[in-house]
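Please open the model in your viewer and keep a selection tool at hand, since each stop below begins with something to pick.

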Amino acid sequence: MTKRALKRQLREGALDLTEFDGNPRIRRLPVQRTWSPLPQQADDERDQGYVKTVRPMSEGQKAMMEAVDSHNLVLALGPAGTGKTYLAISKAVEALEAGKVGRIVLSRPAVEAGESIGFLPGDMEDKLAPYLRPLYDALSDRLSMKRVRAMMAEGIIEIAPVGFMRGRTLNNAFVVIDEAQNCTYVQLKMLLTRLGWHSTMVVTGDPAQSDLLPELSGLGPVAERLEAVGNIAVVRLAERDIVRHPLVAEMLGVL
């Protein structure tokens, strides 16, 4: 916005000078928070900043966090918005900073959600970035992006697509397999057998939102079979565990 146009709109009463906070080129509009997943505090709402300790917001989330603490392999199944990925990555960061594991390995299938985005320019990391963006978002919420970049450069944090996991043995690592509903039965079998010594693996996904054909998604059949194994935890989250906007739970109830 030019200074002349700014002065004209201020003179006509179209703009409020306080919204610019001293900079005539940056307008800061007021933001009204209409809903929060956390209960209302007595004095003020929770700050949007980093929260060091993650607490479960529902019984399902509590069961998932307890399962991760007591099992080396956990399958967390549930609808969108139940915090599966966020809790898994939070537990991974917690284990890394406590010295329980030496690295974090995050994997996700590079499957497009219903439409082809065509050729992507750049090297391998540039091509995979759109598919792995949710993992970067969760990591940056638990760690600063500066620390994330430094740890990735050192190999402490690794983000890889499912296709590059075959043949590996993941020792002393916290492994998170995200969006596992887009993996076939063979792919999930391959991923689960990557688990090495002193490692924990968490597999998350929503069988109801697979981008594969229903008969190709392997998450549901794998979870049903592994429920019979005593040392493996299968946690099934429900609509009551959704911590996104309340409309998400209402929509999933009718869609």
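A residue is called buried when its relative accessible area is under 20%, exposed when the value is over 50%, and partly exposed in between, with a 1.4 Å probe and protein chains only. This is a predicted model, in which local features need pLDDT of at least 70 and side-chain atom pairs count only at pLDDT 80 or more, while totals for chains, interfaces and linings use all residues. Residues are numbered from 1 along each chain as its sequence is written, and side-chain values use heavy atoms, with hydrogens and water left out.

Begin by colouring the chain by pLDDT, the predictor's confidence in each residue, from 0 to 100. The protein chain averages 80, and 73% of the residues score at least 70. Among its elements (helices, H or I, of at least four residues, and strands, E, of at least two, are DSSP runs numbered from the N terminus), strand S1 at residues 73-77 has the highest mean, 96, and H1 the lowest, 62. Next select residues 41-50, where pLDDT stays under 50 and the model has nine contacts beyond four places in sequence; contact means heavy atoms within 4.5 Å. Where pLDDT is low, the predicted coordinates should not be read in detail.

Now select helix H7, residues 219-226, whose buried residues are Leu-219, Val-222, Ala-223 and Leu-226. Looking down the axis of H7, you will find these buried residues within an arc of 100°, so they line one face of the helix; the arc is that of the directions from the helix axis to the C-beta atoms. On the other side of H7, Glu-224 and Arg-225 are exposed. The cover over the buried residues of H7 includes S1, helix H6 (185-192), strand S5 (200-205) and strand S6 (232-236).

Move on to Val-101, in the loop between helix H3 (84-97) and strand S2 (103-108). Is Val-101 buried or exposed? Val-101 has a relative accessible area of 8%, and is therefore buried. Leaving out residues up to four places away in sequence, Val-101 touches Ala-95, Leu-96, Asn-172, Ala-173, Phe-174 and His-198. Measure from Val-101 to Ile-156, C-alpha to C-alpha, and the two are 9.9 Å apart in space, although 55 residues apart in sequence.

A second loop position to select is Ser-58, between helix H1 (3-11) and helix H2 (59-70). Ser-58 is buried, because its relative accessible area is 14%, and beyond its neighbours within four places in sequence it is in contact with Arg-240 and Asp-241.

Finish at Val-254, in helix H8 (residues 246-254), which counts as exposed because its relative accessibility is 68%.
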